[in-house]
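Thanks for sharing this one. Here are a few notes to read alongside the coordinates, starting with one side chain and working outwards.

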Amino acid sequence: MGYQVKFYQLRCIETEDNGEDETWVDFRGGRVWGRGDVSKGDVINFNNGPFTLSNSGADVVSVWEHDDFDPDDHLGDFHISPASSGRGEQVAVFRGDGAHYTLTYEVRPDNW
């Protein structure tokens, strides 16, 4: 049996930059949302997926923030695995570079 993940909501609790961040979300190395302007307190609903999880263990979801004059900021990684299937909506936390974001997601069997 295979498993899939859906991403529902990105919430910005604290930006990395003063003012707006230019944030995006990657899953397994591919962009699933962004790059969009995000301010403190913003909630972005995007309901992306489902995306197939690998059978080899946990897949990585990453949140990034674009910078024009220095390297982009990696705000964190979170590992999603089939083990979280059937637990309903869950929340991943990203706290890199002084930022604080949460990402709501759900894992289910591939007969979604």
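1. Please bear in mind that this is a predicted model. My starting point is Asp42, whose side chain comes to 2.7 Å from the backbone nitrogen of Ser39. Asp42 belongs to the loop that links strand S3 (30-38) with strand S4 (43-52).

2. Is Asp42 buried, exposed or something in between? Asp42 has a relative accessible area of 29%, so this residue is partly exposed; the buried class would need a value under 20%.

3. The surroundings of Asp42 are worth a look too. Once neighbours within four places in sequence are set aside, Asp42 touches Leu10, Arg11, Cys12 and Asp37. For Ile13, the C-alpha atom lies 7.7 Å from that of Asp42, with the two positions 29 residues apart in sequence terms.

4. Strand S4, which follows the Asp42 loop, takes part in an open sheet of 4 strands. The order across this sheet is S4-S1-S8-S7, with antiparallel pairing. S4 and strand S7 (90-94) are the edge strands, each with pairing on one side only. From one strand to the next, the twist averages 25 degrees. As a reminder, strands in a sheet pair through backbone hydrogen bonds, in a parallel or an antiparallel manner.

5. How many bridges join S7 to S8? There are 5, and the two strands run antiparallel. One pairing to check on screen is that of Val93, whose bridge partner in S8 is Thr102.

6. Thr102 itself sits in strand S8, which spans residues 100-109. Its relative accessibility is 11%, and Thr102 therefore counts as buried, given that the class covers values under 20%.

7. Which residues does Thr102 contact, leaving aside its neighbours within four places in sequence? Val91, Ala92 and Val93 are among them, as are Gln9, Leu10, Arg11 and Ile13. Leu10 and Arg11 are also in contact with Asp42, so you may like to display Thr102 and Asp42 in one view.

8. Val107 is another residue of strand S8. With a relative accessibility of 0%, Val107 counts as buried. Its C-alpha atom is 8.0 Å from the C-alpha of Ser81, and these two residues are 26 apart in sequence.

Technical notes. Residues are numbered from 1 along each chain as its sequence is written. This is a predicted model: local features need pLDDT of at least 70, side-chain atom pairs count only at pLDDT 80 or more; totals for chains, interfaces and linings use all residues. Side-chain values use heavy atoms; hydrogens and water are left out. Buried means under 20% relative accessible area, exposed over 50%, partly exposed in between (1.4 Å probe, protein chains only). Contact means heavy atoms within 4.5 Å. A polar contact is a pair of N or O atoms within 3.5 Å; within protein, one must be able to donate a hydrogen and the other to accept it, and residues adjacent in sequence count only if both atoms are side-chain atoms. Two strands pair if DSSP finds at least two bridges between them. Axes are lines fitted to C-alpha atoms, for helices over the stretch in contact, and angles run from 0 to 180 degrees between N-to-C directions.
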